[in-house]
Amino acid sequence: MQYSLGLSFQWQPIFLIFTSALIPYNLDRIADSYKQKIPDQNAQAYFQQGWGWLVILIATSITAILLYYANRSVLMVSLGGLISLVYGLPLLPWRHQYRIKLFRLKDIPAAKAWIVAGIITYALMAVPLAYARASLTLSAGLTSLFLFIFIGTNAHLFDVRDLESDRQAGVLTLPLLVGVFKNRQIWSVLNVLAVVLVSLGWLHQLSVPPPAVVIPCLAVNLTALRLIQPDTPRAVYNICLDGCLFIPGIIVLLANLI
């Protein structure tokens with residue numbers, strides 16, 4: 001996003017986003033390994049045996065060092081990351097059938113993947129802007145929208161993978177509420193809408209992701225929405241679908257090398 005917004009390249013935002021993201025991800029997976037069984041037995045054993053805590057310890061140490069040397073703006077926007085820390089933890093009291101139960105943010109109907117996409121988009125936009133001491137502009141807004149839909153598509157496709165697991169745990173995701181087909185339709189329309197809005201930025205010569213980035217991302221998302229099913233092998237999700245998130249960075253890297 002530094003490239004799209006015309007910011008000077010800095011390695012610190014990249015490392016801060018990566019290491020800080022490892023903390024809530026592993027916390028959530030550790031909590032899931034006890035509250036919501038992970039279908040992959042190897043992953044279930046990995047998190048229950050404590051390896052996730054080791055990753056959290058290392059990631060927290062590196063994140064703390066990066067924040068210590070960061071400017072005040074970075075420290076302030078990093079507070080938004082607190083939401084990700086409690087995303088998968090049962091902390092919200094709710095009265096249910098004459099007794100109090102604790103719920104997670106991800107237990108809010110249809111909220112799970114939206115929250116994930118929102119947190120990741122916030123980090124990818126707010127942290128580089130804070131490091132550069134840049135303000136939120138129309139270019140940043142359009143770029144945020146493109147990122148949110150690109151990431152949100154990926155997150156909702158993973159909800160298709162977790163359909164049965166979420167159903168058993170009572171987590172009402174969008175694919176569970178509207179079905180896999182309608183989920184595909186909704187996100188196909190949103191992807192097309194994202195391209196239309198970003199194209200307005202091209203017409204007005206704003207600093208937004210170029211067609212060389214946006215068009216491949218649209219093609220990949222629409223293809224994944226068409227092909228991904230609940231019974232698609234988990235390796236396809238973990239390698240191919242997750243790997244698609246690196247497409248914008250790979251395209252930018254190749255463009256700078258050529």
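How many salt bridges does a search of the whole structure find? The search finds five, and several of them come together around one end of helix 7, as described below. The structure is a predicted model, and the values reported here are computed from it.

The overall picture comes first. The protein contains 13 helices and two strands. Of its 258 residues, 42% are buried. Among contacts with a separation of 6 or more, 69% are between residues 24 or more positions apart. The accessible surface amounts to about 14,200 Å², and carbon and sulfur atoms account for 70% of that area.

Helix 7, covering residues 138-161, is a good place to begin a closer look. Of its 24 residues, 20 are buried, so the helix is largely enclosed by the rest of the structure. Its length also fits expectation: at 1.5 Å a residue, the helix should span 34 Å, and the C-alpha atoms at its ends lie 35 Å apart, which agrees. Helix 6, which runs from residue 112 to residue 131, passes the same kind of check. Its 20 residues should span 28 Å, and the end C-alpha atoms are 29 Å apart, again in agreement.

Arginine 161 belongs to helix 7. With a relative accessibility of 13%, this arginine counts as buried, because the cut-off for buried is under 20%. What does the side chain of arginine 161 meet in polar contacts? One partner is the side chain of aspartate 162, at 2.9 Å, and another is the side chain of asparagine 238, at 3.2 Å. When residues up to four places away in sequence are not counted, arginine 161 touches Arg29, Pro230, Arg234, Tyr237 and Asn238. Asparagine 238 therefore appears both among these neighbours and as a polar partner of arginine 161.

The pairing of arginine 161 with aspartate 162 is also a salt bridge, with the closest N and O atoms 2.9 Å apart. Aspartate 162 is located in the loop between helix 7 and helix 8. Is aspartate 162 buried or exposed? Its relative accessibility is 11%, so it counts as buried. Leaving aside neighbours within four places in sequence, aspartate 162 is in contact with Lys112 and Arg234. Arg234 is also on the list of residues touched by arginine 161.

Lysine 112 brings another salt bridge into view. Its partner is aspartate 166, and the closest N and O atoms of the pair are 3.2 Å apart. This pair links distant parts of the chain: lysine 112 lies in helix 6 and aspartate 166 in helix 8 (residues 163-169), 54 residues apart. Both residues are buried. Taken together, Lys112, Asp159, Arg161, Asp162 and Asp166 are linked in a network of salt bridges.

Helix 8 also carries a salt bridge between glutamate 164 and arginine 167, whose side chains meet at 2.7 Å, N to O. Why are these two residues about one helical turn apart? They are three residues apart in helix 8, which gives that separation. An α-helix has 3.6 residues a turn, so residues three or four places apart point the same way. Glutamate 164, at 43% relative accessibility, counts as partly exposed, and arginine 167, at 45%, counts as partly exposed too. Aspartate 166, also in helix 8, is by contrast buried.

Two loop residues deserve a mention for their backbone angles. Arginine 133 follows just after helix 6 and takes a positive phi of about 55°; this residue is part of the loop between helix 6 and helix 7. At 62% relative accessibility, arginine 133 counts as exposed. Glutamine 205 likewise has a positive phi of about 55°, although it is not a glycine. Glutamine 205 sits in the loop between helix 10 (180-203) and helix 11 (211-227), where it is exposed, with a relative accessible area of 73%.

The last feature is found on the surface. Leu245, Phe246, Ile250, Leu253, Leu254 and Leu257 form a nonpolar patch there, and together they have about 620 Å² of accessible area. One of these residues, leucine 257, is in helix 13, which covers residues 247-257. At 65% relative accessibility, leucine 257 counts as exposed.

Key:
Residues are numbered from 1 along each chain as its sequence is written. This is a predicted model: local features need pLDDT of at least 70, side-chain atom pairs count only at pLDDT 80 or more; totals for chains, interfaces and linings use all residues. Side-chain values use heavy atoms; hydrogens and water are left out. Patches are made of residues with over 30% relative accessible area and no salt bridge: like charges are joined within 9 Å, nonpolar side chains (Val, Leu, Ile, Met, Phe, Trp, Tyr) within 5 Å. Accessible areas come from the Shrake-Rupley method with a 1.4 Å probe; for residues, only the protein chains shown count as cover. A salt bridge is a side-chain nitrogen of Lys or Arg within 4 Å of a carboxyl oxygen of Asp or Glu. Helices (H or I, at least four residues) and strands (E, at least two) are DSSP runs, numbered from the N terminus. Buried means under 20% relative accessible area, exposed over 50%, partly exposed in between (1.4 Å probe, protein chains only). The expected span of a helix is 1.5 Å times one less than its number of residues. A polar contact is a pair of N or O atoms within 3.5 Å; within protein, one must be able to donate a hydrogen and the other to accept it, and residues adjacent in sequence count only if both atoms are side-chain atoms. Contact means heavy atoms within 4.5 Å.
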